[in-house]
Amino acid sequence: MNAADSSLLSRYGGNLPRYTSYPTAAQFSDAVGPDDSRAWLSSLPADQPVSLYLHVPFCDTLCRFCGCNTAVLRNADARAAYAALLHEELRRIITLIGPGRRVTHLQWGGGTPTTLPASAMRRVMQAIRRDFDIAPDAEISIEVDPRHLPPDYPALLHELGFNRASMGVQDLDSDVQDACGRIQSWEQTSDCLTALRDAGVNSINIDLIYGLPRQDTAGVARTARAVASLHPDRLAVFGYAHVPWKQKRQNLMPVGDLPGPQARIAQRAAIDATLRNEGFLPVGLDHYVNPHDSMARAMASGTLHRNFQGYTTDTAPALIGVGASAISSLPGGMTQNAVSSAAYARLMGNSPDSLPVVRGVKLDADDHVRAAIIEQVMCDLRVDLAEVCAQYHLPASYFDPELAHLAPMVADGLVRIIGRQIQVTEKGRQFVRHVAAAFDRYLTADSATRHASAL
């Protein structure tokens, strides 16, 4: 899209979900609790694989732009105690799903999981390998902070079987870093990546952000070129989500220096052009991959998926979240654990077999079909409604209102509709969330204000 096309910006501005799930977390309520989680976990077929996500809500320093559930906890014993709770929650989950369950993806996120003492990380990973059946080709990944990665950790990660690491760079400009409270030199970034690869953690993801205070198009392009020179396997390029009503630390940002919608679009376009020129393939809304990466193959074969961690090659029908604020996505519904580490520990201490679930959402038949459509739109930029309706035994006219809702996007060249096939155009790629939103039966003008900027 032409960055100067202000008419599109005015029509498609506002706020929208990121659609890492459907229904989105905005629909979670305390009507769903531990009993629902136990029932849904217990009903998973014995031969069905799962993926695991473990959340560590601690960092060594806090970045002002971050919207994640994390806090600074300097006491190593307290961090080790939290790791013990992760181990214990896994034990309780195993009593429900059975031992030896096949795991196809294992991801540690946060926060910064490498804030856990090495001995604590080793105990949890050894327990997982003992109690689960880790697939030989499983992706085992972890988020790291290049500013604070302990020198012994890369070798530890390789020893424990990690084969992918994700690191935040965001922006290399010192003025932008100062505004965001994240000072990270080029040398720290490069040295961290080299240390991981030298240790045998070969696949690297890098996160970039546009829309931060004091960013401009020239600066984000410089950062993208510099990061591309490190030859990462995947890049995630996120638009900064300014949600100070969710994260008070964002009030410390110089909000007067935030770029407007038109500037954000220009920055995104500059990063996109730079990464494509460097040989990376665009994936969905906001990812770029080396053509030889497994995500590129999944995109080509139509097996790309999307979950709470973003785009993934994981095909497991159940994602089990472990730790404070972690979300599970199960066939019966979605659940979320207590958000703060203190509340999580308190619920874990209630009884020897309790689960720390505090909210969630049950899924009905309509949720499942709309989730399938939204995932296809977000991953493949296309969907055949006739095929979906046939698969779910729905009348062909079931989504006629949604097709009508997309008519303005067709007129603007963002979408093509042939029969009942919807195709997002290249011009419309950055508006893919708007296409997905047409199928969101929960989204209203009031509820949209709970989400971040759509562009």
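**Strands, a helix and a pocket**

Reader: How many bridges join strand 17 to strand 19?
Author: Happy to help: strand 17 and strand 19 (residues 421-424) run antiparallel. This is a predicted model, where local features need pLDDT of at least 70, side-chain atom pairs count only at 80 or more, and totals for chains, interfaces and linings use all residues. Residues are numbered from 1 along each chain, and side-chain values use heavy atoms, without hydrogens or water. The number of bridges joining strand 17 to strand 19 is three.

Reader: Which residue of strand 19 is the bridge partner of Arg 382?
Author: Strand 17 covers residues 382-384, and strand 19 covers 421-424. In strand 19, the partner of Arg 382 is Gln 423.

Reader: Which are the edge strands of the open sheet?
Author: The sheet has three strands with antiparallel pairing, in the order 17-19-18 (strands pair if DSSP finds at least two bridges between them). An edge strand here pairs on one side only, and that describes strand 17 and strand 18 (415-418).

Reader: Now the second largest pocket: which element gives the most to its lining?
Author: Residues of the lining nearest the pocket's centre are Arg 306, Pro 317, Ser 329, Ala 371 and Glu 375, out of 28 (a pocket is an open set of 1 Å grid points where a 1.4 Å probe fits, with protein on both sides within 12 Å along at least five of seven lines; lining residues have an atom within 4 Å of a point). Strand 11 (305-307), strand 14 (327-330), strand 15 (333-337) and helix 12 each supply at least two residues (DSSP runs, at least four residues for helices and two for strands). With five residues, the most is given by helix 12.
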